[in-house]
Amino acid sequence: MTEESALREESPEGGEAVARTVVVTNQLGLHARPAAKLAQEAQNFTADIMVVCEEQEIDAKSILDVLTLAAAQGSVLELRADGPDAVAALDCLEEHFKNRFGEEK
């Protein structure tokens with residue numbers, strides 16, 4: 001699988017998972033509050049959702065796993081989802097990253 005196809009968004013019914021790249025813009029990084037929000041939102045979906053940061057791949061539905069990333073401001077993360085609501089899950093999570101999880105900085 002090429003990098004382009006790995007990042008291409010396709011319907012999970014087509015047999016491929018979906019992925020998105022996001023950037024942590026919160027001044028304090030992905031600290032406890034946004035990590036908790038990420039895990040809580042991910043739990044609302046049936047899709048398996050993973051977060052990849054460098055060599056680490058963790059379950060987005062686990063706040064402890066999210067905290068182990070220690071993702072600082074500017075960290076580039078890849079969100080991967082596989083399941084019937086994978087696209088909706090990534091739409092939701094990507095929006096939270098864009099809005100800094102409701103934080104001003």
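Trainee: Why is Ile63 called partly exposed?

Mentor: In this predicted model, Ile63 has a relative accessible area of 34%. Buried would require a value under 20% and exposed a value over 50%, so a residue in between is called partly exposed. Ile63 is found in helix H3, and together with Leu64 and Leu67 it makes a nonpolar surface patch of about 260 Å².

Trainee: What makes the contact of Phe97 and Phe101 an aromatic pair, and why is it called edge-to-face?

Mentor: Rings pair if their centres lie within 6.5 Å, and planes over 60 degrees apart count as edge-to-face. By this rule the count comes to 1 aromatic pair. The ring centres of Phe97 and Phe101 are 5.0 Å apart and their planes stand at 75°, so the pair meets the distance criterion and is edge-to-face.

Trainee: Are these two rings buried or exposed, and how do you know that for Phe97 and for Phe101?

Mentor: The relative accessible area is 2% for Phe97 and 5% for Phe101. Since buried means under 20%, Phe97 is buried, and Phe101 is buried as well.

Trainee: What is notable about the phi of Phe101, and where is this residue found?

Mentor: Phe101 has a positive phi of about 55° although it is not a glycine, and the residue is found in the segment after helix H4, which runs over 86-98. Most residues other than glycine have a negative phi. Ala70, in the loop between H3 and S4, also has a positive phi, in its case about 50°, and is likewise not a glycine.

Trainee: Why is Ala70 called exposed?

Mentor: The relative accessibility of Ala70 is 61%, and exposed means over 50%, so Ala70 counts as exposed.

Trainee: How do you know that Ser75, in the loop between helix H3 and strand S4, is buried?

Mentor: Its relative accessibility is 18%, which falls under the 20% limit, so Ser75 counts as buried. The residue touches Val22, Val23 and Val24, not counting residues up to four places away in sequence. A polar atom of the side chain of Ser75 also lies 2.8 Å from the backbone oxygen of Ala72.

Trainee: What makes Phe45 a buried residue, and which residues is it in contact with?

Mentor: Phe45 has a relative accessible area of 16%, which is under 20%, so the residue is buried. It lies in the loop between helix H2 and strand S2 and, leaving aside its neighbours within four places in sequence, is in contact with Lys61, Asp85, Ala88, Ala89 and Cys92. The C-alpha atoms of Phe45 and Ala86 are separated by 7.8 Å, although these residues are 41 apart along the chain.

Trainee: Why is the pair of Asp91 and Arg20 called a salt bridge?

Mentor: A salt bridge asks for a side-chain nitrogen of Lys or Arg within 4 Å of a carboxyl oxygen of Asp or Glu. The closest N and O atoms of Asp91 and Arg20 are 2.6 Å apart, so the criterion is met. Asp91 lies in helix H4 and Arg20 in strand S1, so the pair ties together parts that are 71 residues apart in sequence. Arg20, Asp91 and Glu94 are linked in a network of salt bridges.

Trainee: How do Asp91 and Arg20 come out, buried or exposed or in between?

Mentor: Asp91 has a relative accessible area of 39% and is partly exposed, whereas Arg20, at 10% relative accessibility, counts as buried.

Trainee: How do you know that Arg33 and Glu103 form a salt bridge?

Mentor: Their closest N and O atoms are 3.4 Å apart, which is within 4 Å, so the pair qualifies. The pair links distant parts of the chain, with Arg33 in helix H2 and Glu103 in the segment after H4, 70 residues apart. Arg33 counts as partly exposed at 39% relative accessibility, whereas Glu103 counts as buried at 16%.

Trainee: How many salt bridges does the structure hold in total?

Mentor: The structure holds 6 salt bridges, and one of them joins the side chains of Arg80 and Glu78, with 2.6 Å from N to O.

Notes: Residues numbered from 1 in each chain as written. Predicted model: local features only at pLDDT ≥ 70, side-chain atom pairs only at ≥ 80, totals over all residues. Heavy atoms only, no water. Phe/Tyr/Trp six-rings, centres within 6.5 Å; stacked < 30°, edge-to-face > 60°. Buried < 20%, exposed > 50% of the residue type's maximum accessible area, 1.4 Å probe, protein only. Polar contact = N/O pair within 3.5 Å; in protein donor to acceptor, adjacent residues only side chain to side chain. Contact = heavy atoms within 4.5 Å. Patch = residues over 30% accessible without salt bridge, like charges linked within 9 Å, V, L, I, M, F, W, Y side chains within 5 Å. Areas by Shrake-Rupley, 256 points an atom, 1.4 Å probe, with all protein chains shown as cover. Helix = DSSP H or I, 4+ residues; strand = E, 2+ residues; numbered from the N terminus.
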